[in-house]
Amino acid sequence: MEHNVVIKNPRKVDLRFASCYPNLYKAAMSSLGFHIIYDFLNSREDVYCERVVYPYVESLESNTKLADFDIISFSLQYEQDYFNVLKMLDNAGIEARKENRNKDDPFIIAGGPCASSNPLPMSKFIDLFVIGEAEVILDEVLDLYMELDDPRREIDAFLDIKGVYVPDNPVKMAIVENMDNACHPVRQIVPQTDDKKFIPAFGDAFLLGVSRGCTRGCRFCMAGCLYRPRRETSLKKLFKTAEKGKKATGFNKIALIGADVSGYSKLEELCEGLLEMGFKITSPSMRIESLTDNLIDILQRSGLKTITIAPESTWGLRKVLNKPILDQAIYNVVKRAFKRNMNVKLYFLTGLPTETMEDVAEMVEFIKSIRKMSKKKNAVRISVNPFIPKPHTPFQWENFDFNDLSVKFEYLNKNLKNVHLKVENLEGAFIQHILSIGDEKMGDMIEKTYNRKLKFKEWANIDFKLGLEDELPWKNINAGVSSEFLKKEYQKALNKTITPWCEAFGCYGCGACSK
């Protein structure tokens, strides 16, 4: 059962919009962006937005078949979901390739971080891409769609809308400038179930949009480069939204959402205020520098049992990543957590630029030293992921060395047997890498893989490495940060040189804001 579902009479609207999430329900309902699109579009009287979640092809609201909608929109959060997009279209009886669809078929669009960073691999299947944040783009897209006789044939008419990408045409990313004017959905969908497959990642929690964008400058982070500058929601707006959300959902837990929640300028005041309002507080991850004694106390009093942090690697490689956090700072946070009988989850990367086996061995010893700090068996949980170069980052010119990573992961598994360790599948990570930096030719690979006519060894044969002077597949996507700035950061990374946080040390002219 779901509460707060929007029900409209389809006969009284001009346009039916299917908001599709090509991943499982629990992931969909943990996405604030998915809630935002639903709330934002249903605020229009002439539009009925319904949700369709993988692997289903009927809407959750009215059981309407996907093929019967006017517009189908896919939220592309992860490259691996591209195959699920094709499956949803196939199961709905809709032609995957856009040139094979006719006037009566739904108009298919896509947005989300993968669409904004590099839409090329999915360009054979999607009619139009939303580059940036939906609230400032979708109204114009829908208004124009309703004016056109055949939007697919008249696709160039959309090029005048900022944030709309049609293949081979330049586009400038569109973002919300003032977060108080952004969409903050209050009547969020509340699933009522005992089935763990359908319980969102944060459980019974109201998703609160604290901020968007990040300017910390971590060189591996696509979101940190893509959605600059950092924009904060005011405390007044957050408290008001939380209060309304509690009445609408019945939830007394808040999940703080944002690319840099820990960078929120009044974080302790926010958490203290939410605690006084009777909320428990959780967050996907916290920056190590932000976790003061006072903040950890507030979080513990609010019911948080696990502190999640991301050291990424050893000190030497943190300088490569532009994440200058000393080992002692990490130890201090872990000690504070254990002192309060809390658990700790830590995220690490391997396969980083300049990384050697000596670095991996040092990381293993670092993890072991953290594990020894607690007497509880499962107080420490470690997640190690392979580094995947991403578009619009200083590391977009780096390679993904499958064989090197295989050796390193074997070493990690062998030497961390007494640690609660989770590692990502390397074959899936390699395919993710190819899809993240590939061009429109990847569409054929995606389609063949979906049709089971392609195996991993054929992906493994792809030798796709970008040189500093090569033309980038996503050259037409202007996300703000200039290629010249990224090149400088790449060279600084190889030299293990830090670029201090611009908000504290001044502007570096990356191109993302008006300074």
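**A walk from the whole chain to His-184**

Hi everyone, let's start with the outside: the accessible surface of the chain comes to about 22700 Å², and 47% of that belongs to carbon and sulfur atoms. Those areas come from the Shrake-Rupley method with a 1.4 Å probe. Please keep in mind that this is a predicted model, where local features need pLDDT of at least 70, side-chain atom pairs count only at pLDDT 80 or more, and totals for chains use all residues. Residues are numbered from 1 along each chain as its sequence is written, and side-chain values use heavy atoms, with hydrogens and water left out.

Now the inside. Of the 515 residues in the chain, 56% are buried, meaning under 20% relative accessible area with a 1.4 Å probe, protein chains only. Contacts (heavy atoms within 4.5 Å) tell us about the fold: among those with a separation of 6 or more, 76% join residues 24 or more positions apart. Along the principal axes, the C-alpha atoms fill a box of roughly 65 × 55 × 45 Å.

Let's zoom in on one residue. Is His-184 buried or exposed? His-184 counts as buried, because its relative accessibility is 13%. Which residues does His-184 touch, not counting those up to four places away in sequence? They are Met-179, Gly-209, Thr-233, Lys-237 and Thr-241. Met-179 comes up again: its backbone oxygen lies 2.7 Å from a polar atom of the His-184 side chain.

That's my tour, thanks for listening!

How values were computed:
Buried < 20%, exposed > 50% of the residue type's maximum accessible area, 1.4 Å probe, protein only. Polar contact = N/O pair within 3.5 Å; in protein donor to acceptor, adjacent residues only side chain to side chain.
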